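Here is a note for a colleague who is opening this structure for the first time. Please keep the sequence and the 3D view at hand while reading the points.

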Amino acid sequence: MINSSKLISCNFKNIHLFTYYLNYDIDCLNCSLIKERIEKTGILKNVVMFYIFLLNKFKFLQKILKNNSLSKFIFGLIILLYESNIVETDLASIKSKKKFDQTEFKSSEIFDVIVVGSGPGGSLAANEVIKKYSKVLLIESGDNFKQNSVQHHSYLQTKLQFKNEGMTFCLGNIPMIYAEGSTLGGGSEVNSGLYFKLVNPYKTKLLKASNLNIEEWSIAEKEIEHSLSVQNDPNFDINSSNSALHIGSLKNNFDSNEIPRWKKYNPTEQHQSMQVTYIKSALEKGLKIITGRTVTKIDNSKKEFISIYTVDSNNKKFEYKSKKVVLSGGTVGTPKILKKSKLISGRVNFNFHPMFRMVAENKNEINTGDLFPPIQSWTKDKVHKFGYSVSTYPYIKATLASLGNNDVKNDLKNLACFFSTTTLDSSKGRLIFAKDNTIPFIYIRKRDREKIKQGFKLLHKVLEKGGASEIWPKSPDKLSPMTTVHLFSSLPLFKNDQIGENGELKSDSRIKISDGSILPVAPWGNPQAVIMALNLILIRKWMNKFE
């Protein structure tokens with residue numbers, strides 16, 4: 001029964017219809033957190049709120065619309081929150097675990113280089129420029145939580161270390177949710193650490209498009225792999241893993257391999273994120289760091305220095321000055337800053353990896369809470385790719401809810417999430433700039449939609465042949481909601497006539513880009529290794545060329 005007296009104190013009591021349908025007790029903290037999450041969905045917020053209002057107002061709509069896509073989205077949020085067992089003390093204790101105190105600087109101080117963004121591209125760049133310049137500042141919009149203070153793949157992590165709490169959407173003919181890290185270390189702190197090296201034909205395409213040779217690329221890759229301790233898990237054996245993905249892929253004559261991680265295993269396991277590698281190295285050389293500051297504008301009108309304007313979470317404004325600037329705000333963030341600063345003009349398109357998820361039961365695999373074997377498989381033509389997705393118990397239930405299954409009676413220890421992704425022929429995204437908002441919009445063409453459906457069916461077939469006893473969605477003809485973690489190529493090298501060969505602005509070579517936005521082609525795998533290798537080569541060329 002719903003406790004009506006408790007509902008009165010909830011500031012989002014309309015969610016109780018969904019909560020009640022899932023057989024959860026009403027919890028005011030979770031109701032508040034659900035409202036916060038929905039408010040992070042940008043322009044979709046009004047649609048979702050109005051939808052919830054309608055279902056509360058008109059009871060006859062509840063049965064009709066319970067399997068609507070919006071209902072499935074809300075069910076997923078509720079399950080994720082309630083299964084994660086969030087309490088108020090969790091939020092308070094995590095927020096207190098900051099790594100270091102902020103140091104403020106005089107407004108008259110002029111740095112040699114300011115790096116904006118601390119993801120793989122930014123951290124690597126900061127570690128390079130600090131070798132040459134004595135006064136380097138790194139500005140990060142997210143907070144500076146100490147590594148391992150926030151549980152990996154938890155709800156708290158999405159709330160504290162993701163932009164918009166993981167609720168960032170691309171609009172379009174197939175709406176897509178995507179994730180962006182917003183914390184010191186960027187995406188390296190929140191992803192699984194898979195190190196995916198370029199494979200042909202994409203390697204040949206990228207090197208040609210970047211005007212690079214295989215020797216310099218191989219040298220950069222080896223240097224990065226050494227810095228990040230890239231290696232296979234010594235405790236994992238792909239052939240004895242009982243993986244439905246691996247077994248089914250081999251039976252379908254697909255390539256199935258273990259993907260190494262950037263991770264140390266001895267004497268203890270440690271995720272080799274930017275915090276403990278490149279940022280740590282740069283701090284030892286004298287790097288200064290400011291977190292919790294969002295860059296709003298760059299003014300390059302003066303020859304002596306460039307002004308960078310920022311705001312904190314309280315909308316307090318700060319100005320920093322530098323002789324050179326490296327922008328590493330990401331595929332959406334970097335062009336947004338440049339557009340607002342009137343440093344680029346024209347249309348901004350981008351590329352992306354579409355990902356569709358399945359859940360499967362396999363009696364031979366044991367999920368201890370986050371089954372994530374580092375296994376991925378490709379079709380022989382390298383068009384379709386399959387792998388494991390986050391499989392904590394809350395995420396499994398939330399993923400099933402997004403597929404229309406709200407009443408899970410299966411043993412979660414035998415369930416895992418999987419993804420299918422497909423190379424696209426001609427579909428692109430576009431960034432729409434409207435006042436202070438930047439809206440990613442995608443349109444997937446008919447030919448690519450058919451390819452995506454083919455890949456989804458192949459994953460279903462792989463899991464069936466791999467021994468899965470049950471698969472959701474039941475029919476491979478019904479796609480799951482689209483998600484992705486990989487956006488890139490919004491300002492591609494040699495394709496955008498405003499960007500120089502090293503990622504610098506042609507209009508002002510003092511300003512350089514060092515992130516995934518300059519990838520000239522799709523890498524069709526986790527792009528972190530590719531982003532780092534490309535930008536390591538280019539940051540060195542930029543420093544040598546523009547003294």
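**Notes on the predicted model**

1. P267 lies in the loop between β7 and β8. The model is a predicted one, and in it the peptide bond that joins N266 and P267 is cis, with omega about 0°. In general, most peptide bonds are trans.

2. A cis bond also leads from W472 to P473, where omega is near 0°. The loop that holds P473 runs between β20 (470-472) and β21 (482-484).

3. The strands on either side of the P267 loop belong to an open sheet of three strands, in the order β5-β7-β8, with antiparallel pairing. The edges are taken by β5 (230-231) and β8 (270-271); each has a single partner strand, so one side of each has no neighbour in the sheet. Two bridges hold the antiparallel pair of β5 and β7 (residues 261-264). V230 has W262 in β7 as its bridge partner.

4. How far apart are the end C-alpha atoms of helix α11? The helix covers residues 214-227, and those 14 residues should span 20 Å at 1.5 Å a residue; the end C-alpha atoms are 20 Å apart, so the expected span and the model agree. At the start of α11, the backbone nitrogen of E215 has a side-chain oxygen of N213 within 3.1 Å. After the helix comes S229, with a positive phi near 55°.

5. Which residues of α11 are buried? They are E216, W217, A220, E221, I224 and E225. These buried residues lie on the same side of α11, because the arc they cover around the axis is only 165°. The spacing fits a general rule: an α-helix has 3.6 residues a turn, so residues three or four places apart point the same way. E215, I219, K222 and H226 are exposed on the other side of α11.

6. What covers the buried residues of α11? The cover includes the helices α8 (120-129), α10 (202-210), α13 (275-284) and α17 (528-545). Strand β5 is also part of this cover, and β5 is an edge strand of the sheet in point 3.

7. Strand β11 (residues 306-311) has a partner in β10 and another in β12. With β10 (residues 294-299), β11 runs antiparallel and shares five bridges; one of the pairs is T294 with V311. With β12 (residues 317-327), β11 is again antiparallel, and six bridges join the two. Here T310 stands opposite F318. Strands of a sheet pair through backbone hydrogen bonds.

8. The connections around β11 are hairpins. Six residues link β10 to β11, while five residues lie between β11 and β12. In the turn of the β11-β12 hairpin, N315 has a positive phi of about 65°. As for accessibility, β11 is mostly covered, with five of its six residues buried.

9. Is H384 buried or exposed? Its relative accessibility is 3%, under the 20% cut-off, so H384 counts as buried. This residue lies in strand β16 (residues 384-388). The side chain of H384 makes a polar contact of 3.0 Å with that of T422. Apart from neighbours within four places in sequence, H384 is in contact with S377, W378, T379, T421, T422, K451, Q454, G455 and L458.

10. K382 is found in the loop between β15 (375-378) and β16. Although K382 is not a glycine, its phi is positive, at about 60°. In general, most residues other than glycine have a negative phi. K382 counts as buried because its relative accessibility is 17%, which is under the 20% cut-off.

11. H153 is another non-glycine residue with a positive phi, about 60°. The loop in which H153 lies runs between β2 (136-140) and α9 (155-161). With 10% relative accessibility, H153 counts as buried.

Notes. Residues numbered from 1 in each chain as written. Predicted model: local features only at pLDDT ≥ 70, side-chain atom pairs only at ≥ 80, totals over all residues. Heavy atoms only, no water. Pairing = 2+ DSSP bridges. Helix = DSSP H or I, 4+ residues; strand = E, 2+ residues; numbered from the N terminus. Expected span 1.5 Å × (residues − 1). Buried < 20%, exposed > 50% of the residue type's maximum accessible area, 1.4 Å probe, protein only. Arc of directions from axis to C-beta. Contact = heavy atoms within 4.5 Å. Polar contact = N/O pair within 3.5 Å; in protein donor to acceptor, adjacent residues only side chain to side chain.
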